[in-house]
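Got the viewer open and a cartoon view loaded? Let's walk through this one stop by stop, selecting as we go.

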Amino acid sequence: MFGASGDSWLIVGLGNPGREYEKNRHNCGFRAVDILAQHLGCKVDRLKFQGLYGQVNYQGRKLILLKPQTYMNLSGNSVLQASAFFKIPPQRIIVLFDDISLPPGRLRIRGDGSAGGHNGIKSIIAQLGSQDFPRVKIGVGAKPTPEYDLAAWVLSNFTSQEEKALSDSLQWAGEAALCIVEHGVGEAANRYNGRSA
């Protein structure tokens, strides 16, 4: 599956649209895709599939970069529309998103798995009818106390110290997605899972 030239891939960053959410912990996926798009010279500014998207050729493959504009809990609607239009199977849909079980500056690459309580991933699994899609988890830090409201936490902004650690991992998240495209999930996990900003 990996390394086949001519394949199309969908790289999805999760987040919420609107300026008030831009720097939230929940918006790491959007930010990582923006950095990746800049690196690839691709504009993610076309409105379709209930999202903003752009496409670019990379190493003989077509990459579609997508930022769903549905709000997080309905992300799967946008992903399903784009994947159906471009005829991309779940195994070639890479999702970049925030993970509270990892500290800022850390990534975890997985080839599949459950939603783990993340509503955006839950929506994608429900719409695709599959959890067999690669994902790049971007650490945003755990709640300060167990009683702290989860929604309030993921919709909060990072501290300036956390932002420093985050800036490297947002760039690595895009690099990890490209590594999955070229070399597979295993190689990307080997390269990025233990890395720390």
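Before the first selection, one working rule: two strands pair if DSSP finds at least two bridges between them. Helices (H or I, at least four residues) and strands (E, at least two) are DSSP runs, numbered from the N terminus. You're looking at a predicted model, in which local features need pLDDT of at least 70, side-chain atom pairs count only at pLDDT 80 or more, and totals for chains, interfaces and linings use all residues. Residues are numbered from 1 along each chain as its sequence is written, and side-chain values use heavy atoms, with hydrogens and water left out.

**Stop 1: the sheet**

Colour the strands. You should find an open sheet of seven, in the order β2-β3-β4-β1-β5-β7-β6, with mixed pairing. At the edges stand β2 and β6 (107-110), each with a single partner strand, so one side of each has no neighbour in the sheet. From one strand to the next, the twist averages 25 degrees (axes are lines fitted to C-alpha atoms, for helices over the stretch in contact, and angles run from 0 to 180 degrees between N-to-C directions).

**Stop 2: β4 and its neighbours**

Now select residues 61-68, which make up strand β4. Is this strand mostly covered or mostly open? Mostly covered: seven of its eight residues are buried, where buried means under 20% relative accessible area, exposed over 50%, and partly exposed in between (1.4 Å probe, protein chains only).

Add β1 (residues 8-13), which runs parallel to β4 and is joined to it by five bridges. To see the register, pick Ser-8 with its bridge partner Lys-62, then Leu-10 with Ile-64.

Next, bring in β3 (residues 51-58). The pairing of β3 with β4 is antiparallel, over eight bridges, and Gly-54 is bridged to Leu-65. These two strands form a hairpin with two residues between them. Click on Gln-59 in that turn: its phi is positive, about 50 degrees. Most residues other than glycine have a negative phi.

**Stop 3: aromatic pairs**

Show the aromatic side chains. How many aromatic pairs does a search of the whole structure find? Seven, counting rings of Phe, Tyr and Trp (its six-membered ring) whose centres lie within 6.5 Å; planes under 30 degrees apart are stacked, over 60 edge-to-face, and the rest tilted.

Select Tyr-21 and Tyr-71, an edge-to-face pair at 6.1 Å centre to centre with 80 degrees between the planes. Tyr-21 sits in the loop between β1 and α1 (28-40) and Tyr-71 in the loop between β4 and α2 (75-86), so the pair ties together parts that are 50 residues apart in sequence. Tyr-21 is partly exposed at 22% relative accessibility, and Tyr-71 is partly exposed at 42%.

Then go to Phe-49 and Phe-85, a tilted pair at 5.3 Å centre to centre, with 55 degrees between the planes. Phe-49 is in the loop between β2 (46-48) and β3, while Phe-85 is in helix α2, so this pair links parts 36 residues apart in sequence. Phe-49 is buried at 6% relative accessibility, whereas Phe-85 is partly exposed at 46%. Add Tyr-53 and Phe-86 to see one aromatic cluster with these two.

**Stop 4: a charge over a ring**

Select Arg-25 and Trp-153. The charged end of Arg-25 sits over the Trp-153 ring, 3.8 Å from its centre. The test is that NZ of Lys or CZ of Arg is within 6 Å of the ring centre and within 35 degrees of the ring normal. For another example, look at Arg-135 over the face of Phe-133, at 4.2 Å from the ring centre.

**Stop 5: the cores**

A nonpolar core is a set of buried Ala, Val, Leu, Ile, Met, Phe, Trp, Tyr and Cys residues joined through side-chain atoms within 4.5 Å. Select Leu-63, Leu-65 and Leu-96: of the 36 residues in the largest core, these touch the most other members. Helix α5 (residues 160-183) gives the most to this core, with 10 residues. Apart from it lies another core, of 21 residues, including Val-12, Leu-14, Phe-49 and Leu-66.

**Last stop: α3 and a loop**

Select residues 119-128, helix α3, whose buried residues include Ile-121, Ile-124 and Leu-128. The buried residues of α3 pack against α2, β5 (93-99) and β7 (135-139), with contact meaning heavy atoms within 4.5 Å. Just after α3 comes Gly-129, with a positive phi near 70 degrees.

Finish at Lys-87, in the loop between α2 and β5. Lys-87 is not a glycine, yet its phi is positive, near 55 degrees, and the residue is exposed, with a relative accessible area of 70%.
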